[in-house]
Amino acid sequence: MSRLVVLSNRMPLGPDPSGGLVVALRDQLTAVGGLWIGHDGEIVETPAPALQPLDGGPFERKGFDLTQAEHDGYYLGFANSVLWPLFHGRTDLLDMQGDYLTTYRAVNRRIARMVAEELRPGDRLWVHDYHLFPIAMELRSMGFDNPIGLFLHIPFPSAGDCHALPDVGLFARWLAAYDLIGLQSQRDVAAFRDCFASVEGARVAPDGTVAHGGRTVRAGAFPIGIDAAGFAAIAAQQGLDRTDAPAVGEHLIIGVDRLDYSKGLPQRFRAFGHLLDLRPDLAGKVSLLQIAPPTRGELAAYQDIREELEQLSGHINGQHATIDWTPIRYIHRAVPRERLAGLYRAAMIGLVTPLADGMNLVAKEYVAAQNPEDPGVLILSKFAGAAEQLTEALIVNPHSPDEVAQAIVTALSMPMGERRKRHRAMMHTLLRHDVEWWSDGFLSALDAAAHAPAKPVLRVV
Ligand code: GDG
């Protein structure tokens, strides 16, 4: 029987994973069954020659390990010091060291060879994210014609930024080796077409299908969803409600983000400080709880943002705090998922203001966690993919302290009727377009793309 084989850099190892991809796929694979291949978290001197089965867990998992040099060049280097900043519009943070691309290609070739040992005829391979772009090209060169799809969780770069890659022609060949490229939003699909239109030798058909190097690849928007019903149930069970908020400040504003420069945290803190400057009457009545678990702390750009946030929160608290009120509580560690759900529900405002974000699952979780009878208000950056779906949120430009502060004021005084109306509409979207809808949609489009190459499957959501 044809199986679903998922390949991603990370795999769910602990009981409480915090990455968006991990959270989304764990639900999907538990429901459907299949094999998940990913990094087992081990750094070793000599990598095992084949994938190693991992015990436990609700579905079959096999892991690969990495040497320190591979981790540095492939993961920290090319993936997170070149691709991540570039795909988030931060070319100023590019750190393009000579051996990064070589190591990235070598690791991908090694992983592809191990995947090849697992792959049976007819298996569908679903590759996730920017760490593994070359996998399809490697497998095709070994003669595999299985349906292979890639889902990119992060934004697709603008055509201009694509040309900041060390070898844009190679990048285009990596992508063209897939049958289907899934992107988060229409904005990303447009960027995908623009990028290919600017690559020598590539042809973009009016339906968006791209022909390059003798292959044809389709792209479509498949906005990732969450298990909205399940998350709503967890939140309701926590027994925390808006009436509990005085314990944490009269009106609680919540932010939850990995500590990443794409998430707009300094801008968010500044906007909150700006609000307190503008509205001294809000002193003691409103507080910002920012949960920001550490990520990629080995990289200088991440150490810098950590320092900047510590300084900013110290500065704003120093200026505004009173003996019994701390304006910003900034927590630099992960909190358990259930607790998070309860905190979302207790918060009057969900403040989600990334500068660039593929989707942003926190926006969706915040909405799903609300009490439908007394829902809070979502303030959402127009640069999050989620803004294409959650149009009833208060949509803001995260760069503008005025706009964000004004949105907070609007949210604090929003009448119950309007809050319910907006929440109902967003919840409807989340329940209809949940994580199962997302994976079913991607996999049927992959089947169509692999088996009927003449038919365009570009999907408009
Ligand atoms: C990428 C794309 C896209 C966070 N802190 C804690 C915690 N979390 C969970 C959240 C949420 C997830 O992590 C973060 O999801 P995001 O969507 O914000 O982001 P990324 O990690 O950047 O993921 C993103 C996503 O992939 C999926 O396609 O949406 O655009 O960048 O689920 O709840 N969970 C727990 N404790 C924490 O402290 N338990």
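No salt bridges were found between domain 1 and domain 2 in this predicted model. Polar contacts are present across the interface of the two domains, where eight residue pairs, both members at pLDDT 80 or more, satisfy the rule. On the side of domain 1 that touches domain 2, at least two residues each come from α1 (20-32), α2 (68-87) and α7 (186-197). Of the elements on that side, α2 gives the most, with seven residues. Sorted by class, the side of domain 1 that touches domain 2 holds eleven nonpolar, ten polar and five charged residues.

The size of an interface is often expressed as the accessible area that is lost when the parts come together. For domain 1 and domain 2, the area buried between them is about 1,900 Å². Carbon and sulfur atoms account for 58% of this buried area.

The division of the protein into domains places residues 4-225 together with 437-451 in domain 1, while domain 2 covers residues 228-431. Domain 1 is thus written as two segments, 4-225 and 437-451. To the contact, domain 1 contributes 26 residues and domain 2 contributes 22 residues. The C-alpha centres of domain 1 and domain 2 are 30 Å apart.

For the protein as a whole, the secondary structure consists of 15 helices and 16 strands. The radius of gyration is 22 Å, close to the value of 23 Å that the globule rule gives for 461 residues, so the protein is as compact as a globular protein of that length. Measured out along the principal axes, the C-alpha trace has a span of about 70 × 45 × 40 Å.

Although the count between domain 1 and domain 2 is zero, the total for the model comes to 20 salt bridges. One of the salt bridges pairs Asp447 with Arg124, with 3.2 Å between the closest N and O atoms. Asp447 belongs to helix α15 (residues 435-451) and Arg124 to strand β5 (residues 124-128), so this pair ties together parts that lie 323 residues apart in sequence.

Methods
Residues numbered from 1 in each chain as written. Predicted model: local features only at pLDDT ≥ 70, side-chain atom pairs only at ≥ 80, totals over all residues. Heavy atoms only, no water. Domains from an automatic or database assignment. Contact = heavy atoms within 4.5 Å. Buried area = accessible area lost by both parts, 1.4 Å probe. Salt bridge = Lys/Arg side-chain N within 4 Å of Asp/Glu carboxyl O. Polar contact = N/O pair within 3.5 Å; in protein donor to acceptor, adjacent residues only side chain to side chain. Helix = DSSP H or I, 4+ residues; strand = E, 2+ residues; numbered from the N terminus. Nonpolar A, V, L, I, M, F, W, Y, C, P; charged D, E, K, R; others polar. Rg over C-alpha atoms; globule rule 2.2 N^0.38 Å.
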